[in-house]
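Let's walk through this model together, one helix at a time, and then look at the sheet and the aromatic rings. Keep the viewer open as you read.

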Amino acid sequence: MNKLYSPVKNKIYINKKKKPVRILHIVGTMNRGGIETWLMHILRQNDPEHFQMDFLVHTTQSSDYDGEILALGSKVIPCLHSRNPLLYTRNFRQVWHQHGPYHVAHSHLHHYSGYVLRMARTLGSPIRIAHSHNDTSRPDGQANLVRKSYHSLMKHMISQEATLGLACSRNAAAALYGPQWTADPRWRVLYYGIDTAPFAQLVKPDDLRASLGIPPNAFVIGHVGRFMEQKNHHFLVEIGAEVIRRRPNTYLLLVGEGVLRPSIQEKVAQLGIAERTIFAGLRSDVPQLMSGAMDLFLFPSLFEGVPVALLEAQASGLPCLISDLISDEVEAVPSLLKRQSIDQPPQVWAATILAMYQSHLPAQTQENDPIQRQSEICIRQPQALSFMQKSPFNIQYSLAQLEEVYSG
């Protein structure tokens with residue numbers, strides 16, 4: 001049987017200690033992304049009198065969430081030279097002695113968690129958590145011999161040093177803790193939770209689209225994710241170009257930043273769809289964009305854990321076309337999701353998108369009528385939101401389960 005944290009309802013945590021439990025989250029940066037967004041949901045809901053959370057990052061540059069973290073009474077602590085074990089060890093120890101000690105070391109660095117948790121043990125942390133946020137089995141299998149040796153060493157260190165291992169899905173657990181992960185009581189699945197409140201707010205679609213330069217009667221395919229190989233943007237814009245060829249009033253709305261954005265912008269220009277593609281950058285209003293600006297969510301990722309953006313899309317009531325490489329655990333609202341083989345060409349994906357769009361419109365709706373189309377979304381969205389609120393993907397479930405972990 002797969003081990004999952006069961007939902008905890010009406011749980012009241014009583015901190016018997018005089019001081020709050022101190023937790024150090026170890027992450028790369030606190031820019032907008034799935035892991036970071038989930039951590040911010042946790043931080044906003046957390047009671048600092050019970051749990052004090054700080055964030056160790058591998059950069060001195062300002063990140064998107066830094067200001068809010070500081071405003072909530074937590075720290076963002078730079079620790080540089082993560083690629084140099086000797087310098088990183090020195091810096092990590094300095095952070096621990098200056099800002100700690102910490103009762104809990106919670107590492108979100110996948111394989112590198114092995115090294116981080118070994119340092120945390122030598123510094124006296126009694127609770128050391130590795131957290132797998134991705135099913136990396138596909139890229140790990142394609143790694144060269146040196147990289148595979150590194151993976152093997154880090155997995156061994158995680159096995160030796162972690163007092164607990166969390167994963168966002170069963171596949172993500174197997175990727176980091178091995179195919180027999182269920183045999184070890186330390187390894188568990190903890191689903192991400194999202195704050196559903198923003199998805200219940202009213203949105204003015206015409207105003208929102210106008211601010212983005214999108215006509216009110218356009219068909220908008222949306223995507224939220226970092227511009228990185230995992231998200232498969234090159235394939236995504238090829239799909240978009242094919243849909244635009246068949247339905248000229250289509251727009252692509254791409255939310256996010258990343259190292260591959262310039263190459264994707266170049267490819268969009270080569271495909272001749274630059275005037276139909278909106279690069280929205282990093283946004284704090286993703287729930288509003290999904291609810292008011294997008295008609296369909298496209299997510300052809302090469303690998304994932306449980307992507308937060310896809311959970312948010314379902315909370316918005318958006319039809320979602322996703323790759324067949326994404327775990328079925330993400331299906332909080334199954335009626336909204338359809339899978340497509342990543343091996344199928346863009347033409348097949350485009351045909352599926354247009355068929356999905358038509359199927360989600362009632363028979364009497366004129367497809368070019370934005371008022372009728374938005375009315376259909378407004379009818380569908382409360383039902384989807386209700387599913388999310390009752391699912392393990394509600395932030396209250398994540399928070400209650402983490403409280404149990406941290407207080408142990």
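Start with helix α7, where Ala172, Ala173, Ala175, Leu176 and Tyr177 are buried, meaning under 20% relative accessible area, while over 50% is exposed and anything in between partly exposed (1.4 Å probe, protein chains only). Helices (H or I, at least four residues) and strands (E, at least two) are DSSP runs here, numbered from the N terminus. Those buried residues of α7 span an arc of only 165 degrees around the axis, so they sit on the same side of the helix; the arc is taken from the directions that run from the helix axis to the C-beta atoms. Their cover includes β5 (127-132), α5 (137-141), α6 (145-161), β6 (164-167) and β7, with contact meaning heavy atoms within 4.5 Å. Right after α7 comes glycine 178, with a positive phi near 100 degrees.

A word on what you're looking at: this is a predicted model, in which local features need pLDDT of at least 70 and side-chain atom pairs count only at pLDDT 80 or more, whereas totals for chains, interfaces and linings use all residues. Residues are numbered from 1 along each chain as its sequence is written, and side-chain values use heavy atoms, with hydrogens and water left out. The pLDDT is the predictor's confidence in each residue, from 0 to 100; its mean for the protein is 90, and 90% of the residues reach 70 or more. Over residues 4-16, though, the pLDDT is below 50, and this stretch has 29 contacts in the model beyond near neighbours in sequence.

Now for the rings. Searching the whole structure turns up 13 aromatic pairs, where rings of Phe, Tyr and Trp (its six-membered ring) pair if their centres lie within 6.5 Å, and planes under 30 degrees apart count as stacked, over 60 as edge-to-face and the rest as tilted. Tyrosine 177 and tryptophan 187 make a stacked pair, 4.4 Å centre to centre with 10 degrees between the planes. Since tyrosine 177 is in helix α7 (residues 170-177) and tryptophan 187 in strand β7 (residues 187-189), the pair ties together parts 10 residues apart in sequence. Both tyrosine 177 and tryptophan 187 are buried. Elsewhere, ring pairs link Tyr88, Phe92, Trp96, Tyr102, Tyr112 and Tyr115 into a cluster.

Strand β7 leads us to the sheet. It is an open sheet of seven strands with parallel pairing, in the order β3-β2-β1-β4-β5-β6-β7; two strands pair if DSSP finds at least two bridges between them. β3 (76-78) and β7 stand at the edges, each with a single partner strand, so one side of each has no neighbour in the sheet. Six bridges join β1 (residues 21-26) to β2 (residues 51-57), and arginine 22 stands opposite glutamine 52 in β2.

Finally, swing over to helix α10 (residues 261-271), where Arg261, Ile264, Lys267 and Val268 are buried. They cover an arc of only 120 degrees, which puts them on the same side of α10. Over on the other side, Pro262, Glu266, Ala269 and Gln270 are exposed. The cover of the buried residues includes α9 (233-246) and β10 (277-281). Phenylalanine 227, in the loop between β8 (219-224) and α9, is buried too, with a relative accessible area of 1%. Its contacts outside four places in sequence include Arg261 and Ile264.
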